[in-house]
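User: I'd like a close look at one small part of this model, and then a walk through whatever else you can tell me about how it is put together.

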Number of protein chains: 2
Amino acid sequence: MRYAVLGTGIVGRTLTAKLASLGHEVVVGTRDPQATLARTEPDGMGNRPFAAWHADHNDVPLQTFAEAAAFGETVLNTTSGPRTLDALGAAGAANLAGKVVVDIANPLDFSQGMPPTLNPVNTDSLGEQVQRAFPDARVVKTLNTMNCSIMVNPASVPGEHNVFVSGEDAAAKEAVTKLLTSFGWPAGSVIDLGGIETARGAEMLLPIWLRLFGALGNTAFNFHIQGAHKSA
Amino acid sequence: MRYAVLGTGIVGRTLTAKLASLGHEVVVGTRDPQATLARTEPDGMGNRPFAAWHADHNDVPLQTFAEAAAFGETVLNTTSGPRTLDALGAAGAANLAGKVVVDIANPLDFSQGMPPTLNPVNTDSLGEQVQRAFPDARVVKTLNTMNCSIMVNPASVPGEHNVFVSGEDAAAKEAVTKLLTSFGWPAGSVIDLGGIETARGAEMLLPIWLRLFGALGNTAFNFHIQGAHKSA
């Protein structure tokens, strides 16, 4: 399968490396590939610049958002929440139409200090905004509720824990569930919350995630819905 | 210990019955005891009227918010979120001063349809509002993240799962943790998120709780933070 991973941060790199290791063809998308490769400073979380990572993964092309999205049969959005709609706009609606768009971003708003708040929140979500802005894309919100190392290595957290999917298109959610299974998620660990509106619930997990991070001092945890079973 | 349980809904009844069964003296507080007892209709969730419950628990006095709060050494707020500040105002700041006030309410806003949204949210929380409005109370947010039957019977959900505490007063959180332990919560299941500001995280679990309820069709689940451990 051909994948486009939009975004060059730690989430995008982690997912790109995993997809490539599974034998998929992956292209990373960014606004301006030359500018991305020219950066020499670590990012705000201390991750090394993209170029240093790319030197170790030079089989993965870095292209513009539009080129990457045109290439991918499935598109993963790992851009930062506040930039997501712009990035997908640059990718181009035509390059997203009919495709599964996996939205992994969180609409974190750092303008009010730390820990960040959410925007949108409560009566809307980034997942819904993406689906409204690109009605022909088959948007699935998932994986936004955990550290990226857990996304691609769920066994790194011992015991059962969950990943959520939200979206309007049942076949798209099924395809994403298969992708998650290939990452190591047991099929029973994937909880289908419902339509894309339920992305509000998944995104609003971030505030407690951030405070658990603060209280525990690490990110090696994930949400587990204990007792979850569908009523007959 | 003497407890005041403010609120006559299903959460208040469940906690009252548990506290009484543990041998505590409990008074239930309501705005107008005669009006509460005069109601003959089930509530919005189909629970029987308070008077019918009270007939089975007539050893528990029903008093005004102020009388109940004056009686209690510890005060549990189980009123509905939108009414909490009014109810605590009626209870009276002097009757709350110096006491542990356990805030179990969620600021659910049904004005925008179902599922409810939150108000306050994101940049504030009900727990913080309560602490600001009653600065001499020792507010601890807890238990708001699960169905009330699980609050007092955690073993009804098999396996490990968690209850969160948020508050400024370490001794108050310790007292609440002891209370939770007496309800059957293993001490290791209680996660201290930090100060009362972290009530935002706990309250913002409600949106996904509501959607899990919708997806699963039952409330017999609880949040479990898998892998949670404090970094050394």
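User: Which loop does Pro135(A) lie in?

Analyst: Keep in mind that this is a predicted model. Pro135(A) sits in the loop between α7 (126-133) and β8 (138-142) of chain A. It counts as exposed, because just 10 C-beta neighbours fall inside 10 Å of Pro135(A), and the cut-off for exposed is 12 or fewer. Take Trp53(A) as a reference point: it is 82 residues away from Pro135(A) along the chain, and the two C-alpha atoms are separated by 34 Å.

Another loop residue in chain A is Gly159(A), found between α8 (148-151) and β9 (163-167). With 12 C-beta neighbours inside 10 Å, Gly159(A) counts as exposed too. Its C-alpha is 9.2 Å from that of His224(A), although the two positions lie 65 residues apart in sequence numbering.

His224(A) brings us to where the chains touch. Chain A puts 42 residues into the contact, and chain B puts in 42 residues. On the chain A side, the elements giving two or more residues are β7 (117-118), β10 (190-194), α10 (199-203), α11 (206-216) and β11 (222-226). Of these, α11(A) gives the most, with 7 residues. Sorted by class, that side of chain A has 19 nonpolar, 18 polar and 5 charged residues. There is strand pairing across the chains as well: β11(A) and β11 (residues 222-226) of chain B run antiparallel, joined by 5 bridges. One of the pairs is Asn222(A), whose bridge partner in β11(B) is Gln226(B).

Now for helix α11 (residues 206-216) on the chain B side. Its buried residues are Leu206(B), Pro207(B), Ile208(B), Trp209(B), Arg211(B) and Leu212(B). Those buried residues pack against elements of both chains: β10, α10 and β11 of chain A, plus β6 (108-109), β7 (117-118) and α10 (199-203) of chain B. Right after α11(B) comes Gly217(B), with a positive phi near 80 degrees.

Staying in chain B, let's turn to the sheet. It is an open one of 8 strands with mixed pairing, in the order β3-β2-β1-β4-β5-β8-β9-β10. The edges are β3 (62-64) and β10 (190-194) of chain B; each has a single partner strand, so one side of each has no neighbour in the sheet. From one strand to the next, the twist averages 30 degrees. Within the sheet, β1 (residues 2-6) and β2 (residues 25-30) of chain B are paired in the parallel sense, over 5 bridges. Arg2(B), for instance, has Glu25(B) as its bridge partner in β2(B). Helix α1 (residues 10-21) of chain B packs on the sheet and touches β1, β2 and β4 (74-77) of that chain; the direction of α1 makes about 165 degrees with that of β2(B).

Last stop is a helix pair in chain B. Helices α5 (residues 84-91) and α7 (residues 126-133) of chain B pack at an angle of about 25 degrees, their axes 10 Å apart. That makes α5(B) roughly parallel to α7(B), since angles under 35 degrees count that way. The crossing of α5(B) past α7(B) is right-handed. From α5(B), the residues involved are Thr84(B), Leu85(B) and Leu88(B), and they meet Leu126(B), Gln129(B), Val130(B) and Ala133(B) of α7(B). By class, this contact has 5 nonpolar, 2 polar and no charged residues.

Conventions: Residues are numbered from 1 along each chain as its sequence is written. Chains are lettered from A and ligands numbered from 1 in the order in which they are written. This is a predicted model: local features need pLDDT of at least 70, side-chain atom pairs count only at pLDDT 80 or more; totals for chains, interfaces and linings use all residues. Two strands pair if DSSP finds at least two bridges between them. Helices (H or I, at least four residues) and strands (E, at least two) are DSSP runs, numbered from the N terminus. Axes are lines fitted to C-alpha atoms, for helices over the stretch in contact, and angles run from 0 to 180 degrees between N-to-C directions. Two residues are in contact if their C-beta atoms, placed from the backbone, lie within 7 Å. A residue is buried if 20 or more other C-beta atoms lie within 10 Å of its own, exposed if 12 or fewer, and partly exposed in between; C-beta atoms are placed from the backbone. Ala, Val, Leu, Ile, Met, Phe, Trp, Tyr, Cys and Pro count as nonpolar, Asp, Glu, Lys and Arg as charged, and the others, Gly among them, as polar. Angles under 35 degrees count as roughly parallel, over 145 as roughly antiparallel, 65 to 115 as roughly perpendicular and the rest as oblique. A crossing is left-handed if the near helix is turned anticlockwise from the far one by less than a right angle, and right-handed if clockwise.
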